[in-house]
Amino acid sequence: MTTNEYTIALAGNPNTGKSTLFNLLTGLRQHTGNWPGKTVVHAEGFFTYKDKQYKIIDLPGTYSLYSNSADEEVARDFIIFEKPDVTIVVLDATALERNLNLALQVLEMTNRVIVCVNLMDEAKKKGIRIDIAKLAKKLGVPVVPISARNEEGIDELLDTIDLMIRGAIQTKPIVIPYSRSIEEKIAKLLPLVKEIVGDKYPARWIALRLLDGDTSLLDALKQENHHSFKEVARYASNRSAKSV
Amino acid sequence: MAPTKFDRLSEAEPGERFRIEKLDIEGTMKRRLLDLGFVPGCEVTVLQKSPLGDPTAYKVSNTTIALRIEESSNIYGERIRDDNE
């Protein structure tokens, strides 16, 4: 029997119940260690749903993917280079404003995203109401409300994962518009970036990172054997916005 | 805009609220502060100072974050005293 294993990445801010969800999905079928060469905990687990095998990676909890701490680099590199079949962004329903920062960053990187609003029970207690359908419409990806602690919403989440793997869900992640001067620079960089990375990486996102002067991403890309990338880097560094 | 018109976040006392106007910080630290919620237009509450006066804890969009004076003295905005209301 040939088994196809699908990879799921779990991203989210610290204290959003990401690991509760991870434990719930994998039970004891998990192991932890460190990411190669980093003192950042790597946790992966396995589960089966509707005859499909899944490997799920619990990424480090971060507020962002751009501040370039070891945690954030691990999470960023996994999403960009390992290209998980689905990335689940876990949000804290009681602090959506803060949590959506990371969600928007992930949506710029990949369109295979499911947003999972956790701690719905907590939000209810605090009198916070969340219009899930509207959120899904605005973000352009499925949004599933859950309470990992009470094991609520997990079936819907698993079904959504299954549908996305089968290609039954078309997503259209929100495209964040930037100021005119930045958009003009993106437009100039895009063809060059596309020429070099092709469809391998999200070109608009790479252009944005270059404009931001993200040297850590450049280093990571070079390690992935993109020698020609230096060309674009040189171009970008001549044109990069001083402060965005 | 000249930052001198504004107060520094580091000047705000525990219990006060503060509306952020501008971050006079560059690079990854600026990025980090923005990611943590210290965004222009947003209101933070000063919770308490540590025993030696630094760092200070702030409430920012529902989470407690402590900053050192190095950072908080470069965050400019408006102190909102309760007697202003």
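Here are some friendly notes on this predicted model, covering the two domains of chain A, the nonpolar cores, chain B and the contact between the chains.

1. Let's start with how chain A is laid out. The domain assignment splits chain A into domain 1, residues 5–165, and domain 2, residues 180–239. Taken over C-alpha atoms, the centres of domain 1 and domain 2 of chain A are 27 Å apart.

2. Next, the place where those domains meet. On one side, domain 1 of chain A brings nine residues, and on the other, domain 2 of chain A brings seven residues. Two elements, α2 (70–82) and α3 (96–109) of chain A, each give two or more residues to the domain 1 side. The largest share of that side is from α2(A), with four residues. Sorted by class, the domain 1 side holds four nonpolar, two polar and three charged residues.

3. Now for the inside. The largest nonpolar core has 57 residues, and the members that touch the most others are A:Leu10, A:Val89, A:Val106, A:Ile114, A:Val115 and A:Cys116. Helix α8 (residues 203–211) of chain A supplies the largest share of this core, six residues. Both domain 1 (5–165) and domain 2 (180–239) of chain A are represented, each with at least three residues in this core. As general background, nonpolar side chains in soluble globular proteins tend to be buried together.

4. If you would like one residue to click on, try A:Val115. Leaving aside residues up to four places away in sequence, A:Val115 touches A:Val89, A:Leu91, A:Ala103, A:Leu139, A:Val141 and A:Val143. There is also a second, separate core of 13 residues, whose members include B:Leu9, B:Phe18, B:Ile20 and B:Leu33.

5. Over to chain B and its annotation. An unreviewed UniProt entry gives residues 7–79 of chain B the feature "domain: Ferrous iron transporter FeoA-like". In the model, the span 7–79 of chain B is 19% helix and 42% strand, and its end C-alpha atoms lie 7 Å apart.

6. Finally, how do the two chains meet, and how many residues does each one give to the contact? Chain B contributes ten residues and chain A contributes eleven residues. On the chain B side, helix α1 (residues 27–36) gives the most, with five residues. The make-up of the chain B side is one nonpolar, five polar and four charged residues.

Definitions and conventions. Residues are numbered from 1 along each chain as its sequence is written. Chains are lettered from A and ligands numbered from 1 in the order in which they are written. This is a predicted model: local features need pLDDT of at least 70, side-chain atom pairs count only at pLDDT 80 or more; totals for chains, interfaces and linings use all residues. Ala, Val, Leu, Ile, Met, Phe, Trp, Tyr, Cys and Pro count as nonpolar, Asp, Glu, Lys and Arg as charged, and the others, Gly among them, as polar. UniProt positions are given in the numbering used here, feature names are shortened, and annotations may be inferred rather than shown by experiment. Domain bounds come from an automatic or database domain assignment. A nonpolar core is a set of buried Ala, Val, Leu, Ile, Met, Phe, Trp, Tyr and Cys residues joined through C-beta atoms within 7 Å. A residue is buried if 20 or more other C-beta atoms lie within 10 Å of its own, exposed if 12 or fewer, and partly exposed in between; C-beta atoms are placed from the backbone.
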